[in-house]
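Please look over the model shown below, with attention to its charged side chains and its internal spaces. The report is meant to be read beside the structure.

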Amino acid sequence: METPFLRGFNFKNMNKNITVAVNPAGSEKENITILNDKPIKFLSYEKCRWPYFLSLPLMWILTTYVMVKKKIYKLLNMPGPHTNTLFFDGLGKECRKVKDYAASWRAMEIIYNHNFPKKLTSLGGILDEFYWHGLNCQALRNRYKLVKHELRRAISKFNGKEEIRLLSLACGSAQAVIEVVAEFKSKGVMIRAILVDFDQDALNAAKEWANQYGVPSQIETRKANLSGEANVFGDFKPHIVEMLGFLDYVNQKEAIRFVSDIHEFLDKNGILITCNINPNPEQYFIKWVINWPMVYRKPDDLMDIAVKSGFGSPRIIFEPLKIHSLLIAQKD
């Protein structure tokens, strides 16, 4: 049966280059390196759907309330409300943090590294816990694990090279990349990574992760605004480009232009790993209640970006909730 996550997309007739992720094999689970102080708690994918389907009517009511509230504020020439709704950022302290940091690396780190479980001793605590297990939060953690899995696969294709060059664009704190770099270092595989972001605080956080994982000499950070120019890397010809989140904020024309630039400066047989969020039942709640607008794309639109940018035979992998699509494309 077709899920409601991707309206208009027929999973029964999926292209052979579009698949859904399954849990990694046991050997891969055992090799995952995770810090004790900030763990991504679960190694297997999260797929708890039905409590959140049942909550959708309430979520839509809250979304409608916030939409009307913001329209009234605008008509009165008032700044946006400090609290969107009591039942999210009003009582939920952690929910407020995500709203305050919406569309930033800080929000992503909060969602990635939530420590399970917490004691449900207050209504605010219950709201926080319910949100942390929400569909989009589960999907983001699934995407995190799937990205690490695909990074491992990509790196393994360049085994035997003295140095594997990896470029992370719009990197945020680059937690997933740095964990994989550290994992391969322990196996004797040396990866040189350049991390690029417009936010110096994000780059500073990435340096902290690199220090914690013992790979500071393999990590270089560069501050740059990717919307202005893609190639700010001189003669660095990456074998792998990882770019999460950036396409969620640009239109189709801009996405094609930017991914075309990536195709140009990738090394021969280089691999691009990127992603986009799909239409899903929580998207209006995220936009209006969490103040987090994004560009939602169906997988065919994401595939179109890769093909028109010069990549042949790209493939797409959904994380199990089918909210995020991961695109893997190799330069011919």
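What follows describes the predicted model, from its overall make-up to its salt bridges, pockets and cavities.

## Overall make-up

The protein has 13 helices and eight strands, and of its 332 residues, 55% are buried. Taking the contacts between residues at least 6 apart in sequence, 76% join residues at least 24 apart. The surface that the protein exposes comes to about 15,400 Å², of which carbon and sulfur atoms supply 55%.

## Salt bridges

The count of salt bridges comes to 17. Three of the pairs are set out in the table, with the N to O distance of each.

| Pair | N to O distance |
|---|---|
| Glu179 and Lys148 | 2.6 Å |
| Arg152 and Glu183 | 3.0 Å |
| Lys308 and Asp304 | 3.3 Å |

How many residues apart in sequence are the parts that Glu179 and Lys148 tie together? Glu179 lies in helix α9 (residues 175-185) and Lys148 in helix α8 (residues 135-156), so this salt bridge ties together parts that are 31 residues apart in sequence. Glu179 is buried, with a relative accessible area of 1%, and Lys148 also counts as buried, at 4% relative accessibility.

The salt bridge between Arg152 and Glu183, at 3.0 Å from N to O, involves those two helices as well: Arg152 lies in helix α8 and Glu183 in helix α9, so the pair ties together parts that are 31 residues apart in sequence. Both Arg152 and Glu183 are buried.

The cover over α9 extends beyond these charged residues, since ten of the eleven residues of this helix are buried and α9 is mostly covered. Among the buried residues of α9 are Ala176, Val177, Ile178, Val180, Val181 and Phe184, together with Glu179 and Glu183.

Is Lys308, of the third pair, buried or exposed? Lys308 is exposed, with a relative accessible area of 54%, whereas Asp304 counts as partly exposed, at 25% relative accessibility. These two residues are four apart in helix α13 (residues 299-308), and are therefore separated by about one helical turn. In general, an α-helix has 3.6 residues a turn, so residues three or four places apart point the same way. The side chains of Lys308 and Asp304 meet with 3.3 Å from N to O.

Besides these pairs, Glu46, Arg141 and Lys145 are linked in a network of salt bridges.

## Pockets

The largest pocket has a volume of about 790 Å³ and is lined by 42 residues, of which Trp105, Met108, Ala170, Leu244 and Gly245 lie nearest its centre. The elements that give two or more residues to this lining are α6 (105-112), α8 and α9. By residue class, the lining of the largest pocket divides into 26 nonpolar, ten polar and six charged residues.

The second largest pocket has a volume of about 350 Å³. Of the 19 residues that line the second largest pocket, Met59, Phe87, Leu127, Phe130 and Phe285 lie nearest its centre. Which helix gives the most to the lining of the second largest pocket? The helix is α7, with four residues. At least two residues of this lining are supplied by each of α3 (56-75), α4 (86-90), α7 (123-132), α8 and α12 (283-288). The lining of the second largest pocket is made up of 15 nonpolar, three polar and one charged residue.

## Cavities

The structure also holds two cavities of 30 Å³ or more. The second largest cavity has a volume of about 40 Å³, and the residues that line it are Glu150, Arg153, Ala154, Lys157, Ile271, Arg315 and Ile328. Helix α8 provides the largest share of this lining, with three residues. Three residues of the lining of the second largest cavity are nonpolar, none is polar and four are charged.

## The place of α8

Helix α8 recurs in several parts of this account. Lys148 of α8 pairs with Glu179 of α9, and Arg152 of α8 pairs with Glu183 of α9. Helix α8 also gives two or more residues to the lining of the largest pocket, supplies at least two residues to the lining of the second largest pocket, and contributes three residues to the lining of the second largest cavity.

Terms used:
Residues numbered from 1 in each chain as written. Predicted model: local features only at pLDDT ≥ 70, side-chain atom pairs only at ≥ 80, totals over all residues. Heavy atoms only, no water. Salt bridge = Lys/Arg side-chain N within 4 Å of Asp/Glu carboxyl O. Buried < 20%, exposed > 50% of the residue type's maximum accessible area, 1.4 Å probe, protein only. 1 Å grid on protein atoms, 1.4 Å probe; cavity = no way out; pocket = protein on both sides within 12 Å on 5 of 7 lines; lining within 4 Å. Points joined across faces, edges and corners; volume = space filled by probe spheres on them. Nonpolar A, V, L, I, M, F, W, Y, C, P; charged D, E, K, R; others polar. Contact = heavy atoms within 4.5 Å. Areas by Shrake-Rupley, 256 points an atom, 1.4 Å probe, with all protein chains shown as cover.
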